[in-house]
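Subject: Structure for you to look at

Hello,

Here is the structure you will be working with. Please open it beside this email, and then read the notes below.

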Amino acid sequence: MDGPDIGALRQGRPTAAADPGQLLTIGEFARRARLSARALRLYDRMGILVPDQVDPASGYRRYGERQLSTARLVAWLRRLDMPLGDVARVVSVTPGEGAALVEGYWHDVETRVAFQRELAQHVTARLAGRPSAPSVAIRQRHAPEQLVLTEQRQVRAPELATWLGMAFARLVTAAGRHGGVAGHPFAVYRGEVNVDSDGPVEVCVPIHAGEPPSGARIEPAHDEAFLRVRRAQVEYPQILSAFDAVLQWADDQQVPAAGPPREIYFADFLGATPEDEVCDVALPISPRA
């Protein structure tokens with residue numbers, strides 16, 4: 001039996017509908033909507049699916065048959081594991097706006113799953129004692145001397161992504177006062193960065209040559225080995241597999257490192273899909289004799 005809902009009465013929800021059409025008991029409505037009565041009570045309390053009629057004496061809920069389409073939509077959204085707060089937003093807007101909300105939600109789900117897939121592959125490879133990035137994918141090139149604006153900070157892994165984004169934005173703005181950005185921004189890892197170690201990390205934005213402004217330095221010309229990675233591989237800790245691969249390649253080739261490893265960003269990181277290539281993990285190396 002569906003007992004009185006005192007909270008509903010106090011909140012002034014409708015206790016009688018003018019003309020809701022055919023009214024269904026909560027049991028019949030639940031059966032036809034393929035939802036449980038318990039779920040319907042929860043959706044009522046959250047304002048997601050409010051019954052057309054609540055008896056003022058007994059508190060019995062009655063639903064209009066026209067509400068079945070909303071109930072089925074709620075059921076579909078919950079099968080997508082959409083949180084109830086998001087479900088409430090979808091059912092409260094126009095169908096077109098709701099479609100955009102569902103599309104955005106699912107894009108976020110697919111992005112998260114892509115990141116988790118990369119992480120699972122990294123963890124599996126580490127546990128199996130094999131490299132998670134093939135050494136054949138590692139290439140070499142020459143990097144010319146660059147004048148760069150820099151910002152350096154001690155930062156641990158949980159705060160790294162936020163700080164990198166803000167630091168790059170500050171330096172790109174500053175570069176506009178010196179002729180603009182003249183090359184790909186990059187981050188130099190001058191120490192280990194994880195949940196326990198804090199680098200430091202140096203963010204660099206190349207600018208056009210001239211009189212070096214305050215906060216600028218010369219990045220020397222060098223050869224480097226690099227591995228190109230996708231957006232989904234950049235998240236910590238899965239990006240560690242790319243660093244491991246480049247460092248292991250240098251050891252296998254007996255090529256000494258000529259500087260700390262770095263990430264070089266050559267694409268729009270925020271606008272990229274998980275499968276877009278956005279970054280090179282690079283290691284400066286000493287030319288072979």
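Two axes that cross at an angle of 65 to 115 degrees count as roughly perpendicular. That cut-off is needed for the first pair of helices below. Please keep in mind that this is a predicted model.

Helices α2 and α3

Helix α2 covers residues 26–33 and helix α3 covers residues 37–45. Their axes come within 9 Å and cross at roughly 100°. The two helices are therefore roughly perpendicular to each other. On the α2 side, the contact is made by Ile-26, Phe-29 and Ala-30; on the α3 side, by Ala-37, Leu-40 and Arg-41. Sorted by class, this contact has 5 nonpolar residues, 1 charged residue and no polar ones.

The sheet of 3 strands

A general point helps with both sheets: strands of a sheet pair through backbone hydrogen bonds, and the pairing can be parallel or antiparallel.

One open sheet has 3 strands in the order β1-β3-β2, with antiparallel pairing. At its edges stand β1 (23–25) and β2 (53–54). Each has a single partner strand, so one side of each has no neighbour in the sheet. Strand β2 is joined to β3 (residues 61–64) by 2 bridges, and Gln-53 stands opposite Arg-62 in β3.

The sheet of 8 strands

Another open sheet has 8 strands, and its pairing is antiparallel. In what order do these strands lie? The order is β4-β9-β11-β10-β6-β7-β5-β8. The edge strands are β4 (139–143) and β8 (216–219); each has a single partner strand, so one side of each is left without a neighbour in the sheet. On average, neighbouring strands here are turned by 35° against each other, direction ignored.

Between β4 and β9 (residues 222–230) there are 5 bridges, in the antiparallel sense. Gln-140 has Ala-225 in β9 as its bridge partner.

Two helices go with this sheet. Helix α7 (residues 157–175) lies across β5 (146–153), β6 (186–189), β7 (201–207) and β10 (262–265), and runs at about 25° to β7. Helix α9 (residues 240–253) packs on the sheet and touches β4, β6, β9, β10 and β11 (277–285). The direction of α9 makes about 30° with that of β11.

Cysteines

A disulfide is a covalent bond between the sulfur atoms of two cysteines. How many disulfides does a search of the whole structure find? It finds 0. Are Cys-204 and Cys-279 buried or exposed? Cys-204 counts as buried because its relative accessibility is 0%. Cys-279 is buried too, with a relative accessible area of 0%.

Regards

Terms used
Residues numbered from 1 in each chain as written. Predicted model: local features only at pLDDT ≥ 70, side-chain atom pairs only at ≥ 80, totals over all residues. Heavy atoms only, no water. Axes fitted to C-alpha atoms, helices over the stretch in contact; angles between N-to-C directions. Helix = DSSP H or I, 4+ residues; strand = E, 2+ residues; numbered from the N terminus. Parallel < 35°, antiparallel > 145°, perpendicular 65-115°, else oblique. Contact = heavy atoms within 4.5 Å. Nonpolar A, V, L, I, M, F, W, Y, C, P; charged D, E, K, R; others polar. Pairing = 2+ DSSP bridges. Disulfide = S-S within 2.5 Å. Buried < 20%, exposed > 50% of the residue type's maximum accessible area, 1.4 Å probe, protein only.
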